Amino acid sequence: MPYLGSEDTVRELRRHLSNPNVQSDPLRYRSSILKVIRAMSQGVDVAGLFSEMVKACATVDIVQKKLVYVFLCSYATLNPELSLLVINTLRKDCQDPNPMVRSLALRNMVNLRLPSLAEYVEQPLSAGLRDRAACVRRVAVLGWAKLHNLQPASEIDAAVVNELYGLLRDPDPVVMVNCLRALEEILKEEGGMAINKPITHHLLNRLGQLDVWGQCEVLRVLQRYRPQSESELFDILSLLDASLVSPHPPVMAATLSLFLVLCPDLPAVSFAALERVRGPLLAACGSASRETRFTALCHIQLLLRSLPGLMGAHYKRFFCGYAEPAYIKQRKMQVLVELVNDDNVAMLLDELRGYCTDVNADTAQAAISAIGERAATSHTRCTDPVTSHSAATDRCPPLSSAVVQTMRDLVWVCPQCSDTVCSALEGCEETLQDSQGRQALLWLLAVHGERVRSAPYTLEGFIDGVRGEASPGVKMELLTTTMRLFVCRPAETQDMLGRLLHHCIEEETDMCVRDQALLYYRLLRCGMEETRRVLGGRRSEPSLGVLIGRPAEPISQWASSFNTLEPLKQGAGETETTGRASPQHVTFDLDSDLSDTLNSGGFSFSPAGVQAPPLTLSLSPALSPEEFERLWTQRRLDYVCLEERIRCPAVPHCSPQSLQAAMQLVNIQTLAFTAAHASPWRVYLYTHAQQAAQEEVKVTLKQRPRDEKALQGFLSILTAVLHTLPFNTH
Amino acid sequence: MTGSCKVLICRNYKGDVDMAEIDRFLPLLMQHEEEGLLCPVLSHGKVHFMWIKHSNLYLVSTTNKNSNASLVYSFLYKIVEVFTEYFKELEEESIQDNFVVVYELLDELMDFGFPQTTDSKILQEYITQEGAKLEVGKSKVPTTVTNAVSWRSEGIKYKKNEVFIDVIESINVLVNANGSVMSSDIVGSIKLKTMLSGMPELRLGLNDRVLFGLTGRDKGKTVVMEDVKFHQCVRLSRFDSDRTISFIPPDGESELMSYRINTHVKPLIWIESVIEKFSHSRVEIMVKAKGQFKKQSVANNVEVRVPVPSDADSPKFKTSTGQAKYVPEKNMVVWTIKSFPGGKEFLMRAHFGLPSVENNELEGKPPVTVKFEIPYFTVSGIQVRYMKIIEKSGYQALPWVRYITQSGDYQLRTNV
């Protein structure tokens with residue numbers, strides 16, 4: 001029925017409504033109105049009935065009134081003139097002895113959302129604030145907020161604002177909370193309502209009487225309050241203690257959020273609060289509603305950023321049930337990965353292994369990369385499950401692709417496990433469906449080709465199918481792999497290399513692939529020695545890959561986004577970037593060493609006696625490694641470059657991890673390291689970048705825009721950090 | 001919205017999100033579902049959709065702020081709760097049949113984007129299903145809206161004064177394929193059905209073991225409960241000071257308290273399963289169920305659900321007791337045992353044929369799940385010692401207590 005006969009429907013309804021016989025019979029009249037509303041909710045445009053419905057509004061029947069108001073509020077903006085007719089009825093209803101009628105009229109008067117009616121509405125609203133019945137006051141208070149929302153430009157009378165402040169002491173809790181909400185809305189421009197000591201204490205004292213929604217509202221508003229003294233702060237905190245362990249997750253989260261905001265300078269208190277909410281948080285993770293569970297998990301992830309040990313003993317609570325939706329499983333896995341320690345590693349790996357065969361391909365992939373991530377940071381025994389699964393999951397193409405990619409990441413960060421991986425590669429001849437997986441496989445063959453017996457055969461398969469290959473990335477990877485394999489196993493690969501080069505140079509349409517093939521061709525003409533030197537390039541270094549053991553972040557980093565929508569969105573993005581992209585493998589050795597270009601651009605700067613000016617660094621916006629590289633290599637005039645020497649005997653002895661942790665404390669992002677024993681040893685930093693040599697540190701900085709004061713400040717911070725480094729930690 | 005995302009009913013409380021935005025929800029939902037990235041928050045531009053699904057309905061809230069997610073979800077669930085109390089079942093038909101009440105409720109539940117009256121007991125006082133009857137000018141202000149005791153109205157009368165107390169505990173267990181218990185906990189609740197006149201004052205006494213555990217004073221032989229929730233009627237200050245649970249009960253059915261105990265419980269029904277799959281020919285299943293609870297107790301309506309491959313056919317069963325049935329649409333065998341005494345052991349064997357052509361679809365490893373109910377027994381050992389009922393008029397009232405332990409999320413993983 002919806003759209004087709006809508007005109008007929010409207011005509012029919014109009015006939016009914018204007019029929020005097022129907023009008024005189026209340027029951028029939030009401031049922032006709034019901035039909036109108038039903039048609040409206042079914043999507044029929046019944047705006048044409050406006051004038052008939054306005055008449056129907058004058059009735060004693062409350063249900064009919066409500067229905068008519070629903071109609072009027074939906075269509076009032078289309079008929080501002082006719083709506084003026086309603087206002088009289090509404091104003092009359094505001095005088096009705098029945099408080100239900102009064103509140104109904106008052107609410108809908110504002111809900112019409114017509115700025116032109118404002119002048120008629122103000123008087124009843126003011127009267128409503130002083131009404132005997134609480135339900136009318138509730139509506140009136142919010143009514144002012146709606147009115148302000150309607151015409152944000154016009155000032156709300158100061159007297160009304162005062163009255164609203166006064167109503168904070170209303171005996172009815174909902175009136176009080178609505179007052180808070182209304183004041184926040186009206187005074188939005190001034191940064192919300194004034195929160196002083198008496199108001200704060202009054203609100204805190206009444207917290208117990210409020211429902212869940214009210215408590216959350218109060219707790220949120222109180223975040224702006226700054227206690228005048230420490231003893232007052234602790235008074236407030238002890239008052240809040242009960243709601244910190246509230247069984248209602250929203251209240252608990254709101255209280256925690258308030259705790260974190262109130263005491264940014266007292267980390268001990270914040271940590272104690274986090275310990276305290278562990279129970280309720282875990283309970284929320286087991287709650288019946290999936291969405292609550294999901295929200296709790298996202299927030300736990302946030303907490304773990306600062307307190308990695310918080311949930312350590314409770315890892316079993318994050319095991320996935322069979323029927324849980326994928327989004328929960330993936331979050332749980334992310335949490336599980338964070339919780340691994342020496343005691344539970346076997347158990348956790350076993351569990352993660354179970355997830356690898358999940359029906360949902362994404363979940364299974366997430367599980368595999370979770371295992372890989374774990375393997376990279378802690379234990380070589382993690383490789384076993386990955387490799388054993390490569391065999392088990394051959395049936396499902398996206399899975400084995402994930403396995404191969406994980407193995408690639410793994411080999412790069414911990415070369416000691418390459419033997420296991422190589423033996424697994426022997427069996428891996430299944431065709432991989434996606435280009436990512438094929439690239440990873442090729443890369444593995446290139447690096448460990450001499451140890452995988454079947455490497456040339458696998459490669460041959462690729463080269464035979466090169467015509468059908470769509471992805472230029474795979475083709476380029478294939479070129480490099482064949483070249484590298486040729487260097488170490490020339491007899492087996494010479495023929496196929498020739499075929500591949502011929503194809504790429506003569507037939508390939510993609511410029512990049514063709515150029516690379518030409519480059520290799522010319523390289524080969526330079527002789528074997530030269531080729532070996534170029535292709536032999538960098539091997540993986542344990543310290544260059546994924547940075548190990550993320551240091552704990554300060555709470556203030558995420559406190560402001562706690563208990564909002566943000567953490568729910570955040571994690572999802574994170575999985576995408578950390579999950580599959582692995583930039584350190586994609587760039588390859590042929591481009592001239594990046595650092596050579598870096599050195600040439602700097603000029604010197606005298607370090608003499610730098611005082612510490614007040615400079616604060618912040619990590620945001622964070623920079624991706626690629627972006628950093630682009631900025632760094634691009635030499636533009638608005639950059640300031642300088643080189644700086646800082647004596648720091650500790651640097652050569654300390655591990656990249658501890659340096660990174662130290663840098664993180666002062667908000668300097670560590671982007672990459674060179675090999676641990678390479679000389680000069682370089683560390684690429686964001687905010688700025690730095691280069692270190694034995695015994696003394698040479699710093700090359702680039703900055704935009706030029707600001708010497710800030711530069712000096714940065715240097716002094718850096719110097720201070722370097723001097724705090726412990727000796728011989730490596 | 002209906003399952004196919006047709007908008008059934010909508011309210012725009014604040015007017016800051018365009019009503020047309022909701023049309024973007026379905027494509028977003030479909031897109032994410034396809035990519036397997038379905039998530040309870042979906043975004044389009046500045047608008048975020050937070051949604052829950054209840055039976056075949058979607059409840060979607062839209063916001064363009066960085067709002068408090070947990071609050072929004074609890075509100076959506078609250079709506080479900082209120083609607084369910086009104087219509088018994090919340091589904092497409094019940095919304096369409098009762099859209100008048102739904103509009104009224106939506107009006108009261110929230111105003112200008114802020115939750116208002118959400119207690120269904122209070123709402124039922126002045127928004128009634130009998131709205132269809134005509135009651136001109138009769139509607140009175142419910143006293144509860146301003147009453148001190150907001151959950152109970154005055155002047156309730158019963159001929160026979162009785163209280164029924166149900167102590168219900170459900171056990172969640174996750175057992176690994178090699179037979180070790182990965183996690184287990186107990187979720188308990190005390191439910192009341194109050195049929196008492198006037199404004200009675202009730203006092204509930206629990207056994208000491210539990211009470212001490214509740215307050216966490218003695219860590220010895222007590223049960224440590226976490227996540228204890230009381231109905232709003234319980235005087236928490238009294239409980240904190242002298243551990244008595246005293247309250248004026250809401251009329252009719254309500255949940256007085258709920259709790260969770262996170263201890264290592266022995267799975268009450270232990271399942272050992274051997275599932276042998278011979279590709280292209282057959283599947284042999286052997287399941288042994290053992291009752292690991294007191295001999296005096298009996299588990300009722302036990303259902304052991306064993307997964308079978310989706311392409312299995314020609315089932316054959318042999319059971320030492322009870323009945324086994326193949327449920328092809330759920331890919332499982334359901335073995336039903338009407339009564340299962342403690343300490344006993346039963347056996348079920350099943351045989352399935354497999355087609356010679358292998359099924360290429362990837363199948364997960366669904367666990368064996370068990371459903372059961374053990375009356376007159378609680379795992380935690382919680383007991384109601386007494387229930388005192390005091391009312392001004394001094395009538396005699398009888399309390400009745402019932403204990404039930406049932407299965408919650410009871411999963412045992414299989415090795416196939």
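In the next few minutes I will go through the contact between chains A and B, some salt bridges, and three helix pairs in chain A. Please keep in mind throughout that what you see above is a predicted model.

Let me begin with the two chains together. On the chain A side, 77 residues are in contact with 86 residues of chain B, and the two chains bury about 6500 Å² between them, with 57% of that area on carbon and sulfur atoms. Across this interface the rule finds 4 salt bridges. A pair that you may want to display is A:R107 with B:D107, which form a salt bridge whose closest N and O atoms are 3.9 Å apart.

Staying with charged pairs, side chains of opposite charge can pair when their charged atoms come close. Over all chains, a search of the whole structure finds 33 salt bridges. Within chain A, A:R138 forms a salt bridge with A:D172, and here the closest N and O atoms are 3.0 Å apart. This pair links distant parts of the chain, since A:R138 sits in helix 9, residues 134–150, while A:D172 lies in the loop between helix 10 (158–167) and helix 11 (173–186), 34 residues apart.

Now to the helix pairs, all of them in chain A, and I will start with helix 6, residues 80–93, and helix 8, residues 118–129, whose axes come within 11 Å and cross at roughly 10°. That angle makes helix 6 roughly parallel to helix 8. From helix 6 the contact is made by A:L84, A:I87 and A:R91, and from helix 8 by A:Y120, A:Q123 and A:P124, which divide into 4 nonpolar, 1 polar and 1 charged.

How are helix 16 and helix 17 of chain A oriented to each other, parallel or antiparallel? Helix 16, residues 267–285, and helix 17, residues 290–306, pack at an angle of about 155°, with their axes 10 Å apart, and angles over 145 degrees count as roughly antiparallel, so these two helices are roughly antiparallel to each other. Helix 16 passes helix 17 in a left-handed crossing. Helix 16 brings A:F271, A:L274, A:L281, A:A284 and A:C285 to the contact, while the residues from helix 17 include A:R293, A:L297 and A:I300. The residues of this contact divide into 9 nonpolar, 2 polar and 1 charged.

Finally, helix 26, residues 472–488, and helix 28, residues 511–525, have axes that come within 9 Å and cross at roughly 15°, and the two are therefore roughly parallel to each other. In this pair, helix 26 passes helix 28 in a right-handed crossing. Among the residues that meet here are A:M476, A:L479, A:M483 and A:F486 in helix 26, and A:V513, A:A517, A:Y520 and A:L524 in helix 28. The contact of helix 26 with helix 28 divides into 11 nonpolar, 2 polar and 1 charged residues.

How values were computed. Residues are numbered from 1 along each chain as its sequence is written. Chains are lettered from A and ligands numbered from 1 in the order in which they are written. This is a predicted model: local features need pLDDT of at least 70, side-chain atom pairs count only at pLDDT 80 or more; totals for chains, interfaces and linings use all residues. Side-chain values use heavy atoms; hydrogens and water are left out. Axes are lines fitted to C-alpha atoms, for helices over the stretch in contact, and angles run from 0 to 180 degrees between N-to-C directions. Helices (H or I, at least four residues) and strands (E, at least two) are DSSP runs, numbered from the N terminus. Angles under 35 degrees count as roughly parallel, over 145 as roughly antiparallel, 65 to 115 as roughly perpendicular and the rest as oblique. A crossing is left-handed if the near helix is turned anticlockwise from the far one by less than a right angle, and right-handed if clockwise. Contact means heavy atoms within 4.5 Å. Ala, Val, Leu, Ile, Met, Phe, Trp, Tyr, Cys and Pro count as nonpolar, Asp, Glu, Lys and Arg as charged, and the others, Gly among them, as polar. Buried area is the accessible area (1.4 Å probe) that two parts lose on being put together, summed over both. A salt bridge is a side-chain nitrogen of Lys or Arg within 4 Å of a carboxyl oxygen of Asp or Glu.
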